[in-house]
Amino acid sequence: MCRRPDSVCLRNPVRRVGPIGDERERELGEDNDAPLKRTAMYQRHKDLGARLIPFAGWEMPVQYEGIITEHRSVRTEAGLFDLGHMGQIEITGPDALAFLQYSTTNDLSGLKPGEAKYTLLSNEHGGVIDDLIVYRNPEGEDGYTVVMNASNAPRDVAWWQEVRARRDDLDVTLNDISPNTGMIAIQGPNAEAITQSLTSTPLGQIAYFTWQNGEIAGVSTKIARTGYTGEDGFEFYAPNESIDAIWTALMDAGKDSGLVPVGLGARDTLRLEARMPLYGQELGDDISPYEAGLGWAVNLDKGDFIGREHMAAVKAEGAKRRAVGFKLTGRGGAPRQHYPVQVDGEVVGEVTSGAMSPTLQENIGLALIKRSAAGVGKPLQIEVRGKLVDAVQVKTPFYKRPS
Amino acid sequence: MSAPENRKYTKTHEWVLVEGDVATLGLTDHAQQELGDITYLELPDAGDSVSAGEPFGVVESVKAASDVYSPIDGEVIDRNESAIDAPEVINQSPYEGAWLIKVKLADSSQLDNLLDPTAYNEYADEA
């Protein structure tokens, strides 16, 4: 099921794509009529003239000024994102580490207070339930805080409850803090300077993939140096009732530094250029991390964990499919999720993500294809609405920020 | 931007400007707003035929691909190459620079089924 804001979610990718305006439903990909949830920033988005769409059960801004201009602002200046739809769970107790080690793929045993790591919530078949950032809580606070994709958070929590019931030898407490937790992110080359003007915390001391308690404009928040854009920047976690104060202070402080609000549309093109995976596209219940190119987030030597045997077998045999980056060399529109990929007339896989890259001005994409067809420089053909368009596999990330 | 008086409109957000037996087709302002940044345009060649109610082209924005429908039958006599080269013109100027194709009308009575500007504005406001 496609939940992304920027893709068509074609049910039948051959030629018929439907009339204008239909994409709201197509991008939604959700057939239920449950009322949409709103983040604490909802009224702010309305006031800013955002275009709001349903996304993973939430009513979220897909764009304010326009996807391309917002994308460029993040690459050259700075952008502010509302991520209040994302889920957070606190995992505490004497066996919190053992519980996370058993239910996720990466080795978290080395995390010091305040440090974070990317890991995967695995299923019993060696597939992926969700991708996660696990923060060890700062010095003086017990346990871990885990950030989950909005679309997966309810089933992640249900799964962890099931695992906890099965592993009653582990003394662990799960606390889903999503409903009360606001989350925003500032990303881009000017992000640190803008944020520093509002806090006494020396931001230079917050390393990539760490977080600290601090204050922004006098409001208590966790300040994390993480993001999903390929740029430097911070994510802020604070109670719903104080998140708007942080947003407003940042917008004021950043107005002369090019800071603009950025919606989910540009968030998706930014993460694609940086080759960051999106669950439901590059990752899924039936895709091995080794196929997705995320073997680095799996540690087979840390002890037993759910799905370990299957993952070890895939690693030993070599993954049958590979996630590859490509760019179109022929003309024919942007590659999009589920478009078939061919080599010499044979279908070898499908596109998982694709877009016209605002930074590179080229049509780029990721595809999951047969291993034998994979290799930088090797050709592919992408079936765009029934027509084959030439493509070539390229090194990823497509974009890397200047150091 | 409200719909210009001199045209007819479709519920799929195309406009039609008729001069003699030639109909020029384009996308409305509502359509370009709905789509967002337009990045790609696919149009038929001169000599191709189009049919009422059938798609004749594709317009892509960053986030979606959509069909463009013809409200009339006829033969394509010209297409807007500059809009193909720089499709953002549809965002900038949907009613002037950004026409899509010109069609030799086969049956002018088909125009009677289309919306007038007032009816289209009301329809687009509700959409």
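Two strands count as paired if DSSP finds at least two bridges between them. Keep that in mind for these exercises on chain A, which is a predicted model.

**Exercise 1. Work out how strands β4 and β7 of chain A pair, and in what sense.**

Solution. Start by locating the two strands: β4 covers residues 87–92 and β7 covers residues 144–148 of chain A. Next, look at the bridges; there are five of them, and the sense is antiparallel. For a concrete anchor, find A:Ile89, whose bridge partner in β7(A) is A:Val146.

**Exercise 2. Follow β6(A) to its neighbours on both sides, β5(A) and β7(A).**

Solution. Take β5(A) to begin with: seven bridges join it to β6(A), and the two run antiparallel. A:Thr119 has A:Leu132 of β6(A) as its bridge partner. The connection is a hairpin with five residues between the strands, and in its turn A:Gly126 has a positive phi of about 80°. Now go to β7(A), which is antiparallel to β6(A) and joined to it by four bridges. Here A:Arg136 is bridged to A:Tyr144 of β7(A). Finally, check burial: nine of the nine residues of β6(A) are buried, so the rest of the structure largely encloses this strand.

**Exercise 3. Put the strands in order and say which ones form the edges of the sheet.**

Solution. Joining up the pairings gives an open sheet of five strands in chain A, in the order β5-β6-β7-β4-β8, with antiparallel pairing. The edge strands are β5 (116–122) and β8 (173–176), since each pairs on one side only. From one strand to the next, the twist averages 30°. Then add the helix that packs on this sheet: α4 (residues 96–103) of chain A touches β4, β5, β6 (128–136) and β7. The direction of α4(A) makes about 125° with that of β4(A).

**Exercise 4. Decide why helix α8 of chain A can be called largely enclosed.**

Solution. Use the cut-off for burial: 20 or more other C-beta atoms within 10 Å of a residue's own. Nine of the 10 residues of α8 (residues 264–273) are buried, so the rest of the structure largely encloses the helix. Among the buried residues are A:Leu264, A:Arg267, A:Asp268 and A:Glu273. Now ask what covers them: the list includes strands β1 (51–55), β2 (58–63) and β3 (78–82), helix α3 (67–76), and strands β16 (346–356) and β17 (363–370) of chain A. As a last step, look just after α8(A), where A:Arg275 takes a positive phi of about 55°.

Definitions and conventions. Residues are numbered from 1 along each chain as its sequence is written. Chains are lettered from A and ligands numbered from 1 in the order in which they are written. This is a predicted model: local features need pLDDT of at least 70, side-chain atom pairs count only at pLDDT 80 or more; totals for chains, interfaces and linings use all residues. Axes are lines fitted to C-alpha atoms, for helices over the stretch in contact, and angles run from 0 to 180 degrees between N-to-C directions. Two residues are in contact if their C-beta atoms, placed from the backbone, lie within 7 Å. A residue is buried if 20 or more other C-beta atoms lie within 10 Å of its own, exposed if 12 or fewer, and partly exposed in between; C-beta atoms are placed from the backbone.
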